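Visitor: I am new to this structure and should be grateful for a close look at one part of it. Please begin with a single pair of residues and then lead me outward.

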Amino acid sequence: MAAAAGLVGAAAGCDEEPTVAPAAPGAPPLIPTDWASVRGQFAVNADLAHLSAFVFATHPASVRAAIDRHRAGLDADPIGYLHENEARLDQAVASAAANYLSVQSDRVAFTDSTTMGLGLLYSGLRLARGDEVLTTEHDFYATHETLRLRAERDGVAVKRVRLYADAATASVDEIVGNLSRAVGPRTRVVAITWVHSSTGVRLPVRAIADALRGRDVLLCVDGVHGFGAVDAGPDDLGCDFLVSGCHKWLLGPRGTGLISGTTEAWARFTPIIPAFDGRSIGAWLGFDSGPTPPGPAATPGGYHSFEHRWALAEAFDFHKAIGRDRVATRTTELATALKDGLAGIAGLTLVTPKSPELSAGVVCCTVPNVAVDEAVSRLRGLKVVASSTPYRPSYLRFGTTIVNSEADVEAALKATRTLA
Ligand SMILES: Cc1ncc(COP(=O)(O)O)c(C=O)c1O
């Protein structure tokens, strides 16, 4: 696999700080152990404190360079570049994703977004009329809407449960207890979200998986706000399917995502969109080249924005060079500093739990007497990029990524103080 240009030596286990060549023309060298160097890989407007890079990614230099390289090749000779490189680059992406997730590469399907992954998954799971999907009140529109459409299409029952009364004081026992009690005899799928973009609560997915063990239920997780922010893969979580976009915390190419499933879970899924895998097309042409493995079979075919899909390899390499664990620790450290500061602002209420066990990088709060959208726009006026949660109730939301510094957190706190 083509390693990300300029990424030399993983951070973990290096005694000496590696000095490396520039990752892309004009970008500073990446020293994975140095957060200023990591931040220097991004082309964000330095006048702003970007506390919303997790909503829609900005790309590090190695990803930008890969996109440019593939785009130039495709522009020069679309079919030639595609035929010459497709098999190799698809495999490179699958290997890099599998390596990051610690799963088998042919158990990963590639999509354009979390929403596409959720839509494919919840449409393709084989369920009988009357089988129940249990989801929660805390999931995003993409999960709720795809399940509503599924119910409308073939009579699958969808039930929602509330997992915690108050996000800030939620506990593992409360969450696991409420979910377990809601699982009924017809429940075949539990559809949850790893980190709630509505509140910042990180679900104890492993404890939920343990509580469901022995029941005939697939645990499916919208992982987008944990993926690239928390140091865990599908095996650590114990889930059957993990669905994520790669253009949020992973800071990967915009318009990319994936579905990772276990072998047993994929056996309960029928693809929705024809794959362009050579084995699938070969079977159609009458050749016997063996079955298409579940990940490639579930990857929607058709031509794609390949320059973005293929640059995913560099996004995974970038995180690997820094270390998935170090990215997670950094995200938590910055989020904790932000939460501590926000909690000290009179009148403001922190919605996200303070405990790192039940939170990740999403930080939500309420500000009295200021509408949330008004708060977001006043913060932007003060050069702080925050967002409003697209839920009811809506909260003011920040997120601490590796694009951020301690100074960004300070800037966010200073600006937020002017709202209270
Ligand atoms: C929990 C959650 N899932 C999914 C999405 C949608 O992600 P994507 O743009 O990758 O479809 C969002 C927000 O955009 C979200 O907050």
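Guide: Val-363 stands opposite Phe-398, a residue of strand E13. The model in view is a predicted one, and this pair is a convenient place to enter it. Strand E13 covers residues 396-399, and its antiparallel neighbour, strand E10, covers residues 362-366; four bridges join the two. Strand E13 also runs antiparallel to strand E12, which is made up of residues 387-388, and here two bridges form the link. Within that second pairing, Ser-387 has Arg-397 of E13 as its bridge partner. The side chains of E13 may now be considered. Leu-396 and Phe-398 point one way from the strand, whereas Arg-397 and Gly-399 point the other way. All four of these residues are buried.

From this strand we may turn to a wider sheet. Seven strands make up an open sheet with mixed pairing, and their order is E2-E8-E7-E6-E5-E3-E4. At its edges are strand E2 (108-111) and strand E4 (157-161), each of which pairs on one side only. From one strand to the next, the twist averages 20°. Within the sheet, strand E6 (residues 218-222) and strand E7 (residues 241-245) are parallel partners, with three bridges between them. Asp-222, for instance, has Val-243 in E7 as its bridge partner.

Helices lie across these strands. Helix H3, residues 78-101, lies across E2, E7 and strand E8 (257-261), and runs at about 115° to E2. Helix H5 lies across strand E3 (132-136), E4, strand E5 (187-193) and E6; its direction is at about 160° to E3.

Helix H5 deserves a closer view, and one of its residues is His-144. The relative accessibility of His-144 is 13%, and it therefore counts as buried, the limit being under 20%. Apart from neighbours within four places in sequence, His-144 is in contact with Thr-135, Thr-136, Glu-137, Asp-139 and Arg-160.

Helix H5 (residues 141-154) also has a helical partner, H4 (residues 114-124): their axes come within 9 Å and cross at roughly 30°. Because angles under 35 degrees count as roughly parallel, H4 and H5 are described as roughly parallel to each other. Their crossing is right-handed. On the H4 side, the residues that meet H5 are Thr-115, Leu-118, Gly-119, Tyr-122, Ser-123 and Gly-124; on the H5 side, they are Ala-142, Thr-143, Thr-146, Leu-147, Arg-150 and Arg-153. By character, this contact divides into four nonpolar, six polar and two charged residues.

A further helix pair completes the view. Helix H14 (residues 324-343) and helix H16 (residues 406-417) have axes that come within 10 Å and cross at roughly 20°. These two helices are therefore also roughly parallel to each other, and H14 passes H16 in a right-handed crossing. In this contact, H14 supplies Arg-330, Leu-334, Ala-337, Leu-338, Gly-341 and Leu-342, while H16 supplies Glu-406, Val-409, Ala-412, Leu-413 and Thr-416. The residues of the contact of H14 with H16 are made up of seven nonpolar, two polar and two charged.

Terms used
Residues are numbered from 1 along each chain as its sequence is written. This is a predicted model: local features need pLDDT of at least 70, side-chain atom pairs count only at pLDDT 80 or more; totals for chains, interfaces and linings use all residues. Side-chain values use heavy atoms; hydrogens and water are left out. Axes are lines fitted to C-alpha atoms, for helices over the stretch in contact, and angles run from 0 to 180 degrees between N-to-C directions. Angles under 35 degrees count as roughly parallel, over 145 as roughly antiparallel, 65 to 115 as roughly perpendicular and the rest as oblique. A crossing is left-handed if the near helix is turned anticlockwise from the far one by less than a right angle, and right-handed if clockwise. Contact means heavy atoms within 4.5 Å. Ala, Val, Leu, Ile, Met, Phe, Trp, Tyr, Cys and Pro count as nonpolar, Asp, Glu, Lys and Arg as charged, and the others, Gly among them, as polar. Buried means under 20% relative accessible area, exposed over 50%, partly exposed in between (1.4 Å probe, protein chains only). Two strands pair if DSSP finds at least two bridges between them.
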